[in-house]
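Let's take a walk through this fold together, one stop at a time. Have the sequence and the coordinates open, and turn the view as you read.

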Amino acid sequence: MATKSEKGQEKKGQEHHRGPDKGEAYGVAAVTQALAGIDFPASKEDILEQARGHEEIHWTKDRTIDLRSLLDQTDQDDFESMPELVEVISETVREEEPV
């Protein structure tokens, strides 16, 4: 017997995915979308390779950040997990914001 979710997928005739479509997310969600599928631990180089073509991240509706620039500002070369990477990016963005 199909679950409610499976029935909805069958009805729509398309595969279901979580979250907004690529390019429609902001902040942390946009970072995780740009890096979907990356394996951790990962180096800065691994991260930038995975993000190739998506280095410009929509942090807010009115603000775009450059992933390469943010990673270059950190003193960290390797990241153990997505949550760790997102925390470092978030802290770096906060430090850049005008007071």
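Is Glu-87 buried, partly exposed or exposed? Keep in mind that you're looking at a predicted model. In that model, Glu-87 counts as partly exposed, since its relative accessibility is 38% and the partly exposed class runs between 20% and 50%. Its side chain meets that of Arg-94 in a salt bridge, at 3.6 Å from N to O. Arg-94 has a relative accessible area of 48%, so this residue is partly exposed as well.

Side chains of opposite charge can pair when their charged atoms come close. How many salt bridges does the model hold? The count comes to 3.

Another of these pairs is Glu-49 with Arg-52, whose side chains meet at 3.0 Å, N to O. Here the two partners fall into separate classes: Glu-49 is partly exposed at 45% relative accessibility, while Arg-52, at 55%, is exposed because the cut-off for that class is over 50%.

Then there's the salt bridge between Asp-77 and Lys-44, with 3.8 Å from N to O. What does this pair tie together? Asp-77 sits in the loop between helix 4 (67-73) and strand 4 (78-79), and Lys-44 sits in helix 3, so the contact links parts that are 33 residues apart in sequence. Check the surface around both ends, too. Asp-77 is partly exposed, with a relative accessibility of 48%. Lys-44, on the other hand, has a relative accessible area of 10%, and it counts as buried because that value is under 20%.

Stay with helix 3 for a moment, which covers residues 44-50 and also holds Asp-46. Asp-46 is partly exposed, at 42% relative accessible area. Together with Glu-45, Asp-78 and Glu-80, Asp-46 makes up a patch of negative charge on the surface. Why can Asp-46 qualify for such a patch on accessibility? Its 42% clears the cut-off, because patch residues need over 30% relative accessible area.

Now move along to the strands. Strand 2 (residues 56-60) and strand 3 (residues 63-66) run antiparallel, and 4 bridges join them. The connection between the two is a hairpin of 2 residues. To follow the register, start at Glu-56, whose bridge partner in strand 3 is Asp-66. Then find His-58, which stands opposite Thr-64 in strand 3.

Last stop: the loop between helix 2 and strand 1, where you'll find Leu-35. Is Leu-35 buried or exposed? Leu-35 is buried, because its relative accessibility is 1% and anything under 20% belongs to that class. Leu-35 and Met-82 are 47 residues apart in sequence, and their C-alpha atoms lie 8.9 Å apart in space.

Pro-41 belongs to this loop too, between helix 2 (28-34) and strand 1 (42-43). Take a look at the backbone there: the peptide bond from Phe-40 to Pro-41 is cis, and omega is near 0°.

Methods: Residues are numbered from 1 along each chain as its sequence is written. This is a predicted model: local features need pLDDT of at least 70, side-chain atom pairs count only at pLDDT 80 or more; totals for chains, interfaces and linings use all residues. Side-chain values use heavy atoms; hydrogens and water are left out. Patches are made of residues with over 30% relative accessible area and no salt bridge: like charges are joined within 9 Å, nonpolar side chains (Val, Leu, Ile, Met, Phe, Trp, Tyr) within 5 Å. Accessible areas come from the Shrake-Rupley method with a 1.4 Å probe; for residues, only the protein chains shown count as cover. A salt bridge is a side-chain nitrogen of Lys or Arg within 4 Å of a carboxyl oxygen of Asp or Glu. Lys and Arg count as positive and Asp and Glu as negative; His and the chain ends are not counted. The place of a charge is taken as NZ of Lys, CZ of Arg, CG of Asp or CD of Glu. Buried means under 20% relative accessible area, exposed over 50%, partly exposed in between (1.4 Å probe, protein chains only). Two strands pair if DSSP finds at least two bridges between them.
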